[in-house]
Amino acid sequence: MVLILPPVETTPVLLMRFTKLAPPDLILFVKQRLSEEDIVVVCEENDNNSEVILGLSTKQHMLEMEAEHIKLVKPSTPDLTYMPKALQSIDTFFVMESYSQKTRKDYLNGCKSMKVDHSFSAYDTEELFSSSDRVNIIWSLLESLRLQKRTDSQVGRGRFFANNLIKRLEKLGVFDDTSISSRFLGVNSVKSEVDMCSKYLLQVLKEGNLVDLVAPVHLSYVRDKLCAECLNPMTTTPLQGMRDYYGEDVTYYFAWMKFYTNALFVPGLSGILVWSYNRVTNETVDDSIIVPFHSLTTFFWSVFFVRFWKREQNRLAYDWGTYSSTGYEKNFFSKRPEFTGTLKKSNVTGELEIQYPTTKRLVHYFVSGLVTFILLCGAFFMMILSLNLQGYVHCKHNPGRWGAKGPETSH
């Protein structure tokens, strides 16, 4: 059962902290701009350094509008009436797709459609948005907030409107006595002054050293429950709960550490067996006959580990809505810049993609294999030479030369 979040309208989601340089009139101006874009100031406090802190949130309908705008990926349970009969029999059928208000009912109770433990996840009463979803949505609203809300009637009198805004911000202490155009835009023109109205509010506040912190607000009952579960040695790491609270960027690190720690069982067990065998037979690493098998086991483990982690990474990316399958990213980010070939239709996806000729690939395989074989022969030769020299010099391996008592040492 998921944890229930308090209503978003009454709970601060982000904190914005102003520095001592921010005058009260400027803070009032920022609060007015926030209210114009339906960003609610839930609370306001002054810390010990006389710095003003605003607790920001928004309304539920704004959450849903912005979620659709940023294409937030959520689990959806679509209508199975028009699906094949094989899919209609699946009780927990869901797909990951961008949120849309038109099909809002398909995203409700999305946690129940996923075969994942949500005992440590925090969602709203409809199980629509998690705490990390709220943070991402309101952060997007805040970052897209411009200095001034422009209407159609203001567009025609751009220079007058820009000059009034610049003068107002200079009175509030945002800018010094230097020209706003040359200071922030690098040019001095009517177009630059009009473009000033389109600058983002948060960007200007940070450049003017008027805001030094914008951070999410912790929910103590969710955080403490996650921490207790992570520190419990008898349970596994609640990855889904961490993702729903801290977001994907943080949780991917813990997912990697969990997968890596579990995978170390194979080389660890192999190492314990080798150590136990050497203890029983009184052999060392240099003369043990099973050490090469341990090295071979570690080699194959490392190969399979990378493959299995790639599969686990793709699974998590799909479950968490971070798996991107757009044509631009597939064609641009998934290939090396040096990759060349001919444009052909893929037998798997049916899409046109650049493919390298098989004959040329086999030639490269043969050449690289030949070079690798020659280098390995050189390495084996040096290893055998080193072992023979060790047997020639070491008294234990060459009693005929050194005698049973070894070389005599002078005092």
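These are my notebook entries on a predicted model of a protein, written down as I looked things up.

**Entry 1: the overall picture**

I started with the fold as a whole. The protein has 411 residues, and 32% of them are buried. I counted up the secondary structure next and got 18 helices and ten strands. Then I asked how far apart in sequence the contacting residues sit. Among contacts with a separation of 6 or more, 62% join residues 24 or more positions apart. For the surface, I noted about 26,500 Å² exposed by the protein, with carbon and sulfur atoms supplying 60% of that area.

**Entry 2: a nonpolar patch**

Which residues make the nonpolar surface patch of about 820 Å²? I found V363, F366, V367, L370, V371, F373, I374 and L375. I picked V371 for a further look. Its place is in helix α17, which covers residues 358-393. V371 has 44% relative accessibility, so I put it down as partly exposed.

**Entry 3: cysteines**

How many disulfides does a search of the whole structure find? My note says zero. I checked C230 in particular: it is in no disulfide, and the nearest cysteine sulfur, that of C227, is 6.5 Å away. A pair would need its sulfur atoms within 2.5 Å to count as a disulfide. I also looked at exposure while I was here. C230 is partly exposed at 35% relative accessibility, and C377 is partly exposed as well, with a relative accessible area of 37%.

**Entry 4: aromatic rings**

I went through the rings and listed 13 aromatic pairs in the structure. One of them joins Y253 and F254, and I wanted its geometry. The pair is edge-to-face, with 5.3 Å centre to centre and 80° between the planes. Y253 is partly exposed at 48% relative accessibility, and F254 is partly exposed with a relative accessible area of 34%.

Next I turned to W256 and Y260. Is this pair stacked or edge-to-face? I have it as stacked, with 5.4 Å centre to centre and 10° between the planes. Both residues lie in helix α13 (residues 248-263), and they are four residues apart, about one turn of the helix. W256 has 30% relative accessibility and counts as partly exposed; Y260 is partly exposed with a relative accessible area of 30%. I followed the ring pairs outward from there and found a cluster that links W256, F259, Y260, W301, F305 and W309.

**Entry 5: positive phi outside glycine**

I made a note of two backbone spots. D38 is not a glycine, yet it has a positive phi of about 65°. Where does D38 lie? I traced it to the loop between α1 (24-36) and β3 (39-46). D38 is partly exposed, with a relative accessible area of 26%.

N282 is the other spot I noted, with a positive phi of about 60° although it is not a glycine. I found N282 in the loop between α14 (265-281) and α15 (291-319). At 70% relative accessibility, N282 counts as exposed, the cut-off being over 50%.

**Entry 6: salt bridges**

My count of salt bridges came to 14. I looked up R17 and D212 among them: their closest N and O atoms are 3.2 Å apart. R17 lies in strand β2 (residues 14-18) and D212 in strand β8 (residues 211-216), so this bridge ties together parts that are 195 residues apart in sequence. R17 is partly exposed at 26% relative accessibility, and D212 is partly exposed with a relative accessible area of 38%.

K31 and E44 also meet in a salt bridge, at 2.8 Å from N to O. Here K31 is in helix α1 and E44 in strand β3, 13 residues apart. K31 is partly exposed, with a relative accessible area of 26%, and E44 is partly exposed at 40%.

I then looked at R243 and E248, whose side chains meet in a salt bridge of 2.8 Å, N to O. Are these two buried or exposed? R243 counts as buried at 5% relative accessibility, and E248 is buried with a relative accessible area of 15%. I closed the page with a network: salt bridges that share partners join R17, E51 and D212.

Definitions and conventions. Residues numbered from 1 in each chain as written. Heavy atoms only, no water. Buried < 20%, exposed > 50% of the residue type's maximum accessible area, 1.4 Å probe, protein only. Contact = heavy atoms within 4.5 Å. Areas by Shrake-Rupley, 256 points an atom, 1.4 Å probe, with all protein chains shown as cover. Patch = residues over 30% accessible without salt bridge, like charges linked within 9 Å, V, L, I, M, F, W, Y side chains within 5 Å. Salt bridge = Lys/Arg side-chain N within 4 Å of Asp/Glu carboxyl O. Phe/Tyr/Trp six-rings, centres within 6.5 Å; stacked < 30°, edge-to-face > 60°.
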